[in-house]
Amino acid sequence: MVNGKGMFALLRALDRKLVRDLWGMRMQALAIAFVIAGGVAVHLLAAGMLTSLEETRRAYYDRYLFADVWAPVVRAPNALIAGVRAIDGVQAAESRIRFPALLDMPDMAEPASGEIISLPESGEGAVNRLHLTQGRMPRPDHRDEAVVLQGFADAHGLAPGDSLAVTVYGGRLRLHVVGIALSPEHVYAIAPGQMVPDARLYGVIWMNRRALAQATNRDGAFNEVVVRLSRGANEAAVIAGLDRLLAPYGAPGAYGRRDQLSDSFVASEMDQLRTMGMVIPPIFLLVAAFLVNIVITRIIAVQRAGIGLMKAFGYSDGEVTRHYLKLVAAIGALGLAIGGGLGMWLGRVMAELYMEYFTFPFLVFRADAMDYVAVCAVSGAAVLGGAALAARRAAALNPAQAMTLPPPPDYSRAAGMGITRLRALDQQTRMILRQIIRWPARAGLTMAGIAASVALLIGTLFMMDSIKVLIGDFFGVANRHDVAVTFVEPRPRSAYHSIARLPGVMAAEPFRAAPARLRHGHLEERAAIIGVPADAELSRLIDAAGRAVTPPPGGLVLSDDLAAKLNIRAGDTIQIEITEGRRPALMVPVAAVAPTHVGSGAQMRIEDLNRLLREGPVVSGVNLRVDRDAVDALYARLTAAPGVAGVSLQALAADTLAGMMDENLGAALGIYSLFGALIALGVVYNSIRISYAERQRELASLRVLGFSRGAVSYILLGEVAFLTLLALPLGMAGGTGLAWYMAGAMSSDMFRLPFVIEPSTYGFACAVVLAVTVGSSLLVRRQLDRLDMVSALKTGE
Amino acid sequence: MPEARTKRAATARAGKADGICFSTRGLTKVYGHGTGAVHALRGVDIELPDGELIVVLGASGSGKSTFLNIIGGLDRATGGEVVFRGRDIGAAGQRELTEFRRRHVGFVFQFYNLMPSLTAWENVALVTEIAENPLKPEDALAMVGLEQRLGHFPGQLSGGEQQRVAIARAVAKQPSVLLCDEPTGALDSPTGVRVLEALKTVNDDLKSTTLIITHNQSVAAMADRVVIFADGRVREVRKNTAKTHPKDISW
């Protein structure tokens, strides 16, 4: 036994060897560390970003007392609020007045619409508080003071001191802006019935309650109650209680956050981010772990002479194993450090990016320690597990055997060698093929690694293709109108004709929209039933083949997501309870189910809907196609027309949606792609580098025999090139599968990602991996050029 | 087949100018620099005639391997001149050296350095495919007595057999020079003798100038000429007048 002091000295020498070995293989070590870092960083970034965003949303909602339930009515006396507060499970409730409004913005020709909401008469209220970013709240006795939603104010350069003209309930108000605010109710400021928020075209204004009551003929009354639930309260029970209480006042039915426009958008986006964060990073981490395991096994396998030497000096198997574990642990630690730092930093950057995107007033950054522990454990196990196996195998050799050259491996018994005997092959190509056939597992793993990189790239980048198709279908095929005009309340068909006749209108189609509850068995969903003309051209539901699905007389066409939620098929009968007017309950046959990418829909013929509602030929609004050259004059006429509640501009929405998607998904996809490429680099560079280490003698022999550098490179790099070419189709197949899974997993109430992969996406993914292969090959080629023939041949190692 | 072999041997002999294969003058080789510099060759002057079988002896570090590597075009001299049949290869670039090795030099090493993924026949074919006037791989293997083992992989051959494949591979291109660095170093005596017999056959049939580096004094008995290295210089060159057949050598 070595005494304590001697042991220390020996360990010091061993540690010096460790440091030098690491330095000697620094490029390889770095490449492995990057693979680990890629897996770790992507995981931590997704985890950190998601926890932070969810925490931020929760904190925002809590701090600003975001409502749990909304209960609109037509008109109810103020005294009724006491009854609402008495409902079991209601922690706080506020009544208010809320109306759609047209906002007259002199800085643009397009009409801006929005809503106007009353502020509590005293104090900040117990539900839905505002977060002032500029100015102050209106004073109770100042009837014309208003607060404007920040997004809209920013888009128009509005600041405290400016004034604003608003058309509400057919009357015109002139308001003075005193404050700019954010609201938890309007994280997404979006017009009802629209799919895309546009801060320029849609604004929210808060003002004095009495003034608004007077303007909207709601003196002493309200038209909406907002409720916060007590902890543990049953939302459905409270909604039922509210509906019972408010039914006599024309209530279409209370709804929870799930149906609140802004929050359902936020929730849907977070769901997408969560899916992406739950699907992609584990794949990265697994691929990284798997690669690291292989690479380390091979690195240690080529160290067998060194291991024999250490054992010859008297080191025990355990000490030898520990020495190599330390080497590997150092690489692993480097990977974890790079990945951990990068992941945390990127998580924060991404969270901040989304915070701005969602217009949260603050960010609660939280990185869950458990995520770090889990990621470290998985990476550590992969790295050290691979190393321990390899080091144990190497340490088990007796020293004499380990120090001599290993006998040449036997190529005669590998299956499939037959094809390599083909006369047509030259010897170099034969060597490449035999190397692959003799070690199919090794070749398979290299291929799997390269294929996984390709698949990851395709599985993330396809989303851009998918979204393009989604937007194209939604705006180009299903909703081909430029402008949708909605009336304050249903109006006779003549209102449609008078709008259709306006100059600049090229085509017009009336529609009737009625809020409803759809029931099938015990399942219930809220939706608007839209009545359209039989030959609707401007707004229609589209089937999988891209054809319009026209509702047959008396029948209803449902979007597939609604049909799925209600577990209903074409041919079944659905129960519809209209929640406005006389509230008829109807049984209607479902004529067809149409797959839609964006939003939900329930369409029938307008005359059928009018008949079911027992009303004359009335319309809720008009879809228009307009002449782009005459559009400004048309907008002016529309905003001045009587009874127009809102004008939404579909044409602009397409661009906004595309931009929004780019902004939202683009950053995340960019980062995932970058890490995908990084993993490819790690796999390919290490494969070549290790092959080089393993075959140095062979390559040197070839140089001695008179083969040029190019010919020798062919043998080394040809193998990886060949495997890469084989891996590309595999990766494309895997990427297709991953994309299919992601398309399903990422779909939400708002969007259903179509499973579409453009050829250019396949091309791009393959090009990235090929570029990585070429780059790695050039790096190793440089070493091959410096190959020292003499020492490679003379020594055993 | 013997006629064919003689004909090719005649072609290989053509082009000799003055009967000298290699001549060196003031050949030096220094590894490293400054205080750590190692002088492997300290001025070697020697002439090696064509077609001879030359055994190079010397202790470890005497410079014999360095000498072999330089005249074989594997390494460059630090100073002095190396002339191969009237051409100065000391000044040649990487590309020319590759060409020189490909056309003129056959190497045999202590550890065989066969391609494990190629059979005996294919290992030889590896060289004949890039040579100008090669033997058929099966003929080269027949010269070293391996005509029955053409389809075997190195992993299926004994050490002696692997070394004989390496010799067949080296001679298949009918090189002007055959350089062997400790060819019997890893072999036992009877196997080593078979390898030496193969080298002698090649030297007799092809008339390639053959250099055998060895620690083994007894091998000198089969040489036309014995060169002894010591301390980076040639200490002695001796002509062997009483050549012994390898089968009478043992150690």
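Here are a few worked exercises on the predicted model above.

Some ground rules: this is a predicted model, in which local features need pLDDT of at least 70, side-chain atom pairs count only at pLDDT 80 or more, and totals for chains, interfaces and linings use all residues. Residues are numbered from 1 along each chain as its sequence is written, chains are lettered from A and ligands numbered from 1 in the order in which they are written, and side-chain values use heavy atoms, with hydrogens and water left out.

**Exercise 1. Work out how domain 1 and domain 3 of chain A meet.**

Step 1: get the bounds. Chain A is split into domain 1 (14-64 + 279-407), domain 2 (68-97 + 218-254), domain 3 (99-216) and domain 4 (505-626); such bounds come from an automatic or database domain assignment.

Step 2: count the residues. Domain 1 of chain A puts eight residues into the contact and domain 3 of chain A puts in nine, where contact means heavy atoms within 4.5 Å. The centres of these two domains, taken over C-alpha atoms, lie 52 Å apart.

Step 3: look at the area. Domain 1 and domain 3 of chain A bury about 830 Å² between them, with 60% of it on carbon and sulfur atoms. Buried area here is the accessible area (1.4 Å probe) that two parts lose on being put together, summed over both.

Step 4: check the pairings. There are zero salt bridges between domain 1 and domain 3 of chain A, a salt bridge being a side-chain nitrogen of Lys or Arg within 4 Å of a carboxyl oxygen of Asp or Glu. You do get three residue pairs in polar contact (both at pLDDT 80 or more). A polar contact is a pair of N or O atoms within 3.5 Å; within protein, one must be able to donate a hydrogen and the other to accept it, and residues adjacent in sequence count only if both atoms are side-chain atoms.

Step 5: describe the domain 1 side. Helices and strands are DSSP runs numbered from the N terminus (helices H or I, at least four residues; strands E, at least two). On the side of domain 1 that touches domain 3, α2 (26-63) and α9 (317-358) of chain A are the elements giving two or more residues. By class, that side has seven nonpolar, one polar and no charged residues. Ala, Val, Leu, Ile, Met, Phe, Trp, Tyr, Cys and Pro count as nonpolar, Asp, Glu, Lys and Arg as charged, and the others, Gly among them, as polar.

**Exercise 2. Now do the interface of chain B and chain A.**

Step 1: size it up. Here 33 residues of chain B contact 30 residues of chain A, and the two chains bury about 2,900 Å² between them, 60% of it on carbon and sulfur atoms.

Step 2: find the pairs. The count is two salt bridges; one of them joins the side chains of B:Glu122 and A:Arg430 (3.0 Å, N to O). Nine residue pairs are in polar contact (both at pLDDT 80 or more).

Step 3: see what chain B brings. α2 (64-71), α3 (94-104), α4 (120-128) and α6 (159-171) of chain B each supply at least two residues, and α4(B) gives the most, with five residues. The chain B side divides into 14 nonpolar, eleven polar and eight charged residues.

**Exercise 3. Is A:Asn223 buried or exposed?**

Step 1: place A:Asn223 in strand β10 (residues 221-229) of chain A.

Step 2: apply the cut-offs: buried is under 20% relative accessible area, exposed over 50%, partly exposed in between (1.4 Å probe, protein chains only). A:Asn223 counts as buried because its relative accessibility is 8%.
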